[in-house]
Amino acid sequence: MPVEAQSAAYERAARSRTQKGFVMNLAGLPIGERSLSKASGLEGVVVADTRLSHVDGERGELIIAGARVEDLAFSEPGQFEVVVERLLSLAAARPEPGLRERLAEARLAAFARIPQLHHALTVPEAMDALLAATAQGCAGGEALDVLGALPVYVAASARLRSGQSPIAPDPARFTAHDFLSMLGLPENSARARALDAYLVTVSDHGLNASTFAARVVASTGSDAMPGVLAGLAALKGPLHGGAPGPVLDMLDAIANTEPRAWLESELLAGRRIMGMGHRIYRVRDPRAFVFERALVRLEAEDQEKSAISGRLAHARRVEQAAEALLSERHPDRPLRANVEFYTALLLEAVGIPRALFTATFAIGRAAGWLAHIEEQRRTGRLIRPAARYVGLVPD
Ligand code: COA
């Protein structure tokens with residue numbers, strides 16, 4: 001069929017479907033013509049009730065397991081385990097005793113599987129290796145088996161890829177501390193605390209794309225591991241968890257130039273400014289404040305005195321220039337720094353190579369995925385939305 005005839009047929013089909021009442025309701029919300037075409041990103045569509053976290057995009061607030069993120073992030077070392085315990089027990093509506101020990105055992109069990117995962121762990125890119133190893137190395141695993149395995153696989157695969165032997169976990173350490181030591185980084189308690197604050201802060205964030213993906217898989221009755229695989233796959237994308245590496249590339253590229261001119265050339269080339277903008281936040285992402293504070297604390301405590309303040313001042317200059325430029329381009333749509341902007345700086349200061357940024361994000365966010373998987377399972381309800389058919393209709 002010629003192209004013109006085909007597109008006319010598409011239009012006829014779309015009109016006929018609409019007239020015949022094919023336009024569906026999602027979650028009981030009325031969806032009109034405009035919202036259907038605009039809702040391709042499902043913005044504003046509520047598909048689940050959750051007790052795990054709440055994102056207020058207008059006020060810039062994030063509540064995780066009933067507490068404000070800034071209060072959670074700066075508590076005792078080992079706070080990530082506390083947050084995991086809170087999230088999982090909220091989801092399962094029962095306590096999770098001995099969680100720290102069970103997570104440490106899971107790290108040991110994952111390490112024992114490393115020889116048989118050699119092929120998966122040496123896949124070139126960190127997230128691809130993590131996907132491959134998780135798929136093979138956690139079969140039938142319960143939530144904590146999968147959660148404990150992730151830092152082990154990320155660290156082991158980084159070391160194997162650079163020709164070094166994996167380092168065994170130490171069950172006496174908390175996750176953040178153990179992860180740094182499995183990577184072979186020098187002992188540094190200030191950096192371990194900064195990473196702990198990072199993992200806590202990214203542990204959950206409403207129905208973000210990777211959490212939604214994990215919930216969809218869980219809603220089919222599948223296991224925890226495939227749900228985490230779905231989360232990992234979604235997190236990998238540059239519009240979600242793949243941004244912090246490019247943010248650092250951007251900061252490096254602008255190190256000796258005027259930020260505005262460089263940013264303008266990016267927009268002119270049709271590229272987005274990484275680390276800016278968010279689907280929900282209309283103000284600065286509250287996690288950016290948490291990471292800035294963690295960086296300032298790290299600089300004060302870090303014996304090795306890394307060059308944090310210079311980097312932070314440069315990042316703030318770039319952020320201001322990007323914000324000003326984007327507000328000129330999009331006066332009606334505030335585009336401010338998101339979590340990834342300062343993630344890049346914090347993980348760099350902690351000593352994590354930028355190729356591992358997204359995989360490190362996954363270690364923290366998997367806590368949220370697993371809690372959401374459990375919460376979704378308990379609803380016993382399949383997530384199955386609808387699509388409006390705009391294709392050809394047979395005569
Ligand atoms: N740089 C340049 N322009 C941006 C932008 C950015 N970082 N973020 C959004 N915009 C523009 C879009 O091009 C769009 O312009 P248009 O209406 O002229 O087409 C407008 O702002 C609205 O963007 P939209 O795509 O509707 O926003 P979204 O809610 O779908 O996207 C993000 C949210 C996060 C995907 C988006 O802001 C983005 O791509 N940011 C950069 C990647 C990033 O930092 N990801 C990590 C997220 S935590």
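**The ligand site and a long-range salt bridge**

In this predicted model, a polar side-chain atom of Asn338 lies 2.9 Å from an oxygen atom of the ligand, a polar contact being a pair of N or O atoms within 3.5 Å. Backbone atoms join in too: a polar one of Gly275 is 2.8 Å from a ligand oxygen, and a polar one of Leu239 is 3.3 Å from a ligand nitrogen. The protein covers 74% of the 870 Å² of accessible area that the ligand has on its own (Shrake-Rupley method, 1.4 Å probe).

Around the ligand stand 20 residues, of which Ile273, Gly275, Met276, Arg279 and Asn338 come nearest (a residue is near if one of its heavy atoms lies within 4 Å). This shell divides into 10 nonpolar, six polar and four charged residues, with Gly counted as polar.

Turning to charge pairs, the count comes to 26 salt bridges, each a side-chain nitrogen of Lys or Arg within 4 Å of a carboxyl oxygen of Asp or Glu. In one of them, Asp128 pairs with Lys236, the closest N and O atoms being 2.8 Å apart. The two residues are 108 residues apart and link distant parts of the chain.

Residues are numbered from 1 along each chain as its sequence is written. Local features need pLDDT of at least 70 and side-chain atom pairs 80 or more, while totals for chains, interfaces and linings use all residues, and side-chain values use heavy atoms, without hydrogens and water.

Conventions:
Polar contact = N/O pair within 3.5 Å; in protein donor to acceptor, adjacent residues only side chain to side chain. Helix = DSSP H or I, 4+ residues; strand = E, 2+ residues; numbered from the N terminus.
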